[in-house]
Amino acid sequence: MRWESLFADLDSQMEELEAAELASEVADRTRREVALFRLVDRLRPAFGHPVTVFTLGGGKVAGHVSGVGADWLLVAEDFRFEVLLPLDSITGITGLGNLTAAPGSEGKVAARLTLGHALRGVARDRSSVAVALRDSTTVTGTIDRVGADFFEMAEHGPSEIRRARDVRGVRTVPFGGVAFVRRS
């Protein structure tokens, strides 16, 4: 009887050790897999979800995720405004939920849709924009040209009608200075 009890106790200890080892391995593998996720992988499954985005110098933006690019997020505010946010200006996001897309699953074309591509679309539409800068200032106008890492915008007053003679000046804005771009 004592031998059976001893072997049962040893079997029980072995099972506990194996379970602990498996739990440790699963936790380690999970940490390694999560380390491969990028912010865009967290954002893509949130399409249509309400979020609040906090930015460097620009305050916060609340709305629904309506687009994600390689280095930007598009949020629809109140169905009147769209806000384009460079990912490197974001300091936090609430409302993403639990889903994460597989890294690299966005496709080759979507992976190349950078902030420059998005801003060229805004420039092509000749939309009026308010650009919140990371120094907490805001400039309004229209984006005229977009380079590799900057854009030039004709500055207008907040309520002026866009006409060539109403341009107050042209501002060159490096992408790194942008908190977000809001267009109506």
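Modeller: Buried means under 20% relative accessible area, exposed means over 50%, and partly exposed is in between. The model is predicted.

Biologist: Why is Arg 38 called partly exposed?

Modeller: Its relative accessibility is 35%. That value is between the cut-offs of 20% and 50%, so Arg 38 counts as partly exposed.

Biologist: What makes Arg 38 and Asp 41 a salt bridge?

Modeller: A side-chain nitrogen of Lys or Arg must be within 4 Å of a carboxyl oxygen of Asp or Glu. Here the N to O distance is 2.8 Å. The value is within the limit, so the pair is a salt bridge.

Biologist: Is Asp 41 buried or exposed, and how do you know?

Modeller: Asp 41 has 0% relative accessibility. Buried means under 20%, so Asp 41 is buried.

Biologist: Which residues share a network of salt bridges with Arg 38 and Asp 41?

Modeller: Arg 44 and Glu 106 are linked with them in that network. The structure holds 11 salt bridges.

Biologist: How do you know that Arg 182 and Glu 77 form a salt bridge?

Modeller: Their closest N and O atoms are 2.7 Å apart. The cut-off is 4 Å, so the pair qualifies.

Biologist: What makes this pair a link between distant parts of the chain?

Modeller: Arg 182 is in strand β10 (residues 178-183), and Glu 77 is in strand β3 (residues 72-77). The two are 105 residues apart.

Biologist: What are the burial classes of Arg 182 and Glu 77, and why?

Modeller: Arg 182 has 23% relative accessibility, between 20% and 50%, so it is partly exposed. Glu 77 has 10%, under 20%, so it is buried.

Biologist: Why are Glu 155 and Arg 171 called a salt bridge?

Modeller: Their N to O distance is 3.3 Å. That is within 4 Å, so the name fits. Glu 155 lies in strand β8 (residues 150-155) and Arg 171 in strand β9 (residues 169-174), so the bridge ties together parts 16 residues apart in sequence. Arg 171 is at 31% relative accessibility, so it counts as partly exposed.

Biologist: Now strand β8. How do you know that Phe 151 is buried?

Modeller: Phe 151, in strand β8, has a relative accessible area of 0%. The limit is under 20%, so Phe 151 is buried.

Biologist: What does Phe 151 contact, beyond its neighbours within four places in sequence?

Modeller: Its contacts include Leu 119, Val 131, Ile 143, Arg 171 and Val 178.

Biologist: Ala 154 is in strand β8 too. Why is Ala 154 called buried?

Modeller: Ala 154 has 4% relative accessibility. Buried starts under 20%, so the label holds. Leaving out residues up to four places away in sequence, Ala 154 touches Thr 140, Gly 141, Thr 142, Asp 144, Val 167 and Gly 169.

Biologist: Which residues of helix α4 (residues 115-125) are buried?

Modeller: Among them are Leu 115, Gly 116, Ala 118 and Leu 119. The buried residues of α4 pack against β3, β4 (81-86), β6 (128-133), β7 (138-146), β8 and β10.

Biologist: What follows α4?

Modeller: Arg 126 does, in the loop between α4 and β6. Arg 126 has a positive phi of about 60° although it is not a glycine. At 35% relative accessibility, Arg 126 is between the cut-offs, so it is partly exposed.

Biologist: What is the phi of Ser 136, and where does Ser 136 lie?

Modeller: Its phi is near 75°, a positive value in a residue other than glycine. Ser 136 lies in the loop between β6 and β7.

Biologist: Is Ser 136 buried or exposed, and why?

Modeller: Ser 136 has 55% relative accessibility. Exposed means over 50%, so Ser 136 is exposed.

Biologist: Which residues gather in the patch of negative charge on the surface?

Modeller: Asp 9, Asp 11, Glu 15, Glu 16, Glu 18 and Glu 21 do.

Biologist: What makes Glu 18 fit for a patch, and what is its burial class?

Modeller: Patch residues need over 30% relative accessible area and no salt bridge. Glu 18, in helix α1 (residues 2-34), has 49% relative accessibility. That value is over 30%, so Glu 18 passes the area test. The value is not over 50%, so Glu 18 counts as partly exposed.

Key
Residues are numbered from 1 along each chain as its sequence is written. This is a predicted model: local features need pLDDT of at least 70, side-chain atom pairs count only at pLDDT 80 or more; totals for chains, interfaces and linings use all residues. Side-chain values use heavy atoms; hydrogens and water are left out. Patches are made of residues with over 30% relative accessible area and no salt bridge: like charges are joined within 9 Å, nonpolar side chains (Val, Leu, Ile, Met, Phe, Trp, Tyr) within 5 Å. Accessible areas come from the Shrake-Rupley method with a 1.4 Å probe; for residues, only the protein chains shown count as cover. Lys and Arg count as positive and Asp and Glu as negative; His and the chain ends are not counted. The place of a charge is taken as NZ of Lys, CZ of Arg, CG of Asp or CD of Glu. Helices (H or I, at least four residues) and strands (E, at least two) are DSSP runs, numbered from the N terminus. Buried means under 20% relative accessible area, exposed over 50%, partly exposed in between (1.4 Å probe, protein chains only). Contact means heavy atoms within 4.5 Å.
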